[in-house]
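Hi,

Here is the structure I promised to pass on. My notes follow below it.

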Amino acid sequence: EESAGTVEFIWPLTADIAAACGLQARRTGLLIGMRPQPEMMAKFKSGALRGFSIGGRGRRREIEVP
């Protein structure tokens, strides 16, 4: 199974968090930042693709916290 991209971050978006970030959010929930593969990004830029479904498998990575 080929990956269409990677999830760079996931965090809750509440009204308070949105306000603290200087954002106006009509909806709240889970905010997910994706980095699509170059081929998929090209489809977004051309207008051939307007959205995608998030699915797949997770892999935990250790990160260093300063």
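Charges come up early in these notes. The protein chain carries 10 positive and 7 negative side chains. The centres of those two sets are 9 Å apart. Keep in mind that this is a predicted model.

**Salt bridge**

How many salt bridges does a search of the whole structure find? The count is 1. The partners are E8 and R35, whose closest N and O atoms are 3.3 Å apart. This pair links distant parts of the chain. E8 belongs to strand 1 (residues 5-13), and R35 belongs to strand 2 (residues 29-36). Along the sequence they are 27 residues apart. As for the surface, E8 is partly exposed, at a relative accessible area of 41%. R35 is exposed, at 53%. The cut-off for exposed is over 50%, so R35 falls in that class.

**Overall layout**

The protein chain has 2 helices and 2 strands. Their order along the sequence is β-α-β-α. The radius of gyration is 15 Å, well over the 11 Å that the globule rule gives for 66 residues, so the protein chain is more spread out than a compact globule. The C-alpha atoms fill a box of roughly 35 × 35 × 20 Å along the principal axes.

Burial is next. Of the 66 residues, 8% count as buried. The accessible surface of the protein chain is about 6500 Å². Carbon and sulfur atoms account for 51% of that surface.

I also looked at sequence separation. Among contacts with a separation of 6 or more, 39% are between residues 24 or more positions apart.

**Around W11**

W11 sits in strand 1. Is W11 buried, partly exposed or exposed? At 27% relative accessibility, W11 counts as partly exposed. The buried class needs under 20%, so W11 does not fall in it.

Which residues does W11 contact, leaving aside neighbours within four places in sequence? They are I17, C21, G29, L30 and L31. For L31 there is also a C-alpha distance: W11 and L31 are 5.4 Å apart in space and 20 residues apart in sequence.

**P12, next on the list**

P12 is also placed in strand 1. Its relative accessibility is 48%, and P12 counts as partly exposed. Not counting residues up to four places away in sequence, P12 touches I17, G29 and L30. I17, G29 and L30 are also in the contact list of W11.

One distance for P12 goes the other way. The C-alpha atoms of P12 and F44 are separated by 25 Å, with their positions 32 residues apart along the chain.

**G29, on the other strand**

G29 is in strand 2. At 36% relative accessibility, G29 counts as partly exposed. What does G29 contact, leaving aside neighbours within four places in sequence? The list is W11, P12 and L13. W11 and P12 are placed in strand 1, and G29 in strand 2. These contacts therefore join residues of strand 1 to a residue of strand 2.

G29 and E39 are 10 residues apart in sequence, yet their C-alpha atoms are 28 Å apart in space.

**To sum up**

Strand 1 and strand 2 are linked by the salt bridge between E8 and R35. G29 of strand 2 is in contact with W11, P12 and L13. The chain as a whole is more spread out than a compact globule, and 8% of its residues count as buried.

Best wishes

Definitions and conventions: Residues numbered from 1 in each chain as written. Predicted model: local features only at pLDDT ≥ 70, side-chain atom pairs only at ≥ 80, totals over all residues. Heavy atoms only, no water. Helix = DSSP H or I, 4+ residues; strand = E, 2+ residues; numbered from the N terminus. Rg over C-alpha atoms; globule rule 2.2 N^0.38 Å. Buried < 20%, exposed > 50% of the residue type's maximum accessible area, 1.4 Å probe, protein only. Contact = heavy atoms within 4.5 Å. Areas by Shrake-Rupley, 256 points an atom, 1.4 Å probe, with all protein chains shown as cover. Lys, Arg positive; Asp, Glu negative; His and termini not counted. Charge placed at Lys NZ, Arg CZ, Asp CG, Glu CD. Salt bridge = Lys/Arg side-chain N within 4 Å of Asp/Glu carboxyl O.
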